[in-house]
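Here's a quick tour for anyone opening this structure for the first time. Take a look at the view below, then read on for two spots to explore.

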Amino acid sequence: MYIMTSEEIKAYLRRIGIAEIQPPTRPYLFELHKAHVKKLSWQTVDIFAGAPAGIDFRESVQLILNRRSGYCFHLNGAFSVLLRSLGYKVSLHRAGVQPLGAEPRINSFHLGLTVSLMNEHDEEELWIVDVGLGDMPYEPLPLHPGTYHQEPLSYKVVESGVISKGWRLEHDPLASFVGVDFDPAVVSDLEEFKPKHEYYSRAADSPWFNVFLIRQRHETGSNELRGCMWNKRESNGLKKTEITTKSQWLEVLGDVFGEQLVNYSNQERDELWKRVQIAHEEWKAQ
């Protein structure tokens, strides 16, 4: 299993705004998780641009170190390597996201993570760790049935109804999907997920193939930029802003989502903006 060098660990931590390496404790896990979802957006930028990055662990880590980002396979894959390199016991799981109007499923279209920690009574505790969901939990969640509020959303951990001894993370009714089901079996590599990534990133009927979508979670809410529509959710509700110029679009991408499009030339940024505009006008016409 790939373990990062000390220099890679330090660079990764700098990328998410963490000052120093600490022992693999529960408080440090929470600090890492919160920093990760706040600094590294979930996004389909490379897919939309026709240049999807691979999901091998090393590729995903380099994506982060090179000031880029990705979606679930990249983000959870890279985070699992960081945690393992810091001394955490991390497990990978097959999972499946249930979209609105669909049935629960475990289809390996999502990479799930759990972390095992020993509590003060020397008992093992399992934590659901997920930095790869668009409007994801801000903090790790205990793998224990219950309702957990993380401003401004609430999450439920329940038993999965689609697989024995599995678990389910039910999302807030205000969120973009219904929930996620997880297989309790541990997988050792990413082979199961590579065909799913190939479909997501290259198939014409993929939900992400023609969608410019970027999401970010923070202490009190979340942000989403879908094409030209910026949706900002806080405890007092949802604010929608239509982006009308390229300069405003780039400013929101950089200032709100930390996405500087470092891998794209000025011409490529122009082309991205034009495609986003065309898709937005078509959406408005519908």
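Let's start with Asp-135, which in this predicted model touches Leu-153, Tyr-155, His-171, Ala-175, Ser-176, Phe-177 and Arg-215, leaving aside residues up to four places away in sequence. From there we'll move on to strand 9, which covers residues 177-182.

**Asp-135 and its surroundings**

- You'll find Asp-135 in the loop that runs between strand 4 (124-129) and strand 5 (141-142).
- Asp-135 is buried, yet it has no salt bridge.
- Arg-215 carries the nearest side chain of opposite charge, and it sits 5.0 Å away; a salt bridge would call for a side-chain nitrogen within 4 Å of a carboxyl oxygen, so this pair doesn't count as one.
- The Asp-135 side chain does have a polar atom 3.2 Å from the backbone nitrogen of Ser-176.
- Phe-177, one of the residues that Asp-135 touches, brings us to strand 9, which spans 177-182.

**Strand 9 and its partners**

- Strand 9 is mostly covered, with five of its six residues buried.
- On one pairing, strand 2 (residues 89-99) runs antiparallel to strand 9, and five bridges join them.
- Within that pairing, Gln-98 stands opposite Gly-179.
- Strand 8 (residues 167-170) is also antiparallel to strand 9, joined by four bridges.
- Here Glu-170 has Gly-179 as its bridge partner, so Gly-179 turns up in both pairings.
- Strand 8 leads into strand 9 through a hairpin of six residues.

Conventions. Residues are numbered from 1 along each chain as its sequence is written. This is a predicted model: local features need pLDDT of at least 70, side-chain atom pairs count only at pLDDT 80 or more; totals for chains, interfaces and linings use all residues. Side-chain values use heavy atoms; hydrogens and water are left out. Helices (H or I, at least four residues) and strands (E, at least two) are DSSP runs, numbered from the N terminus. Buried means under 20% relative accessible area, exposed over 50%, partly exposed in between (1.4 Å probe, protein chains only). Lys and Arg count as positive and Asp and Glu as negative; His and the chain ends are not counted. A polar contact is a pair of N or O atoms within 3.5 Å; within protein, one must be able to donate a hydrogen and the other to accept it, and residues adjacent in sequence count only if both atoms are side-chain atoms. Contact means heavy atoms within 4.5 Å. Two strands pair if DSSP finds at least two bridges between them.
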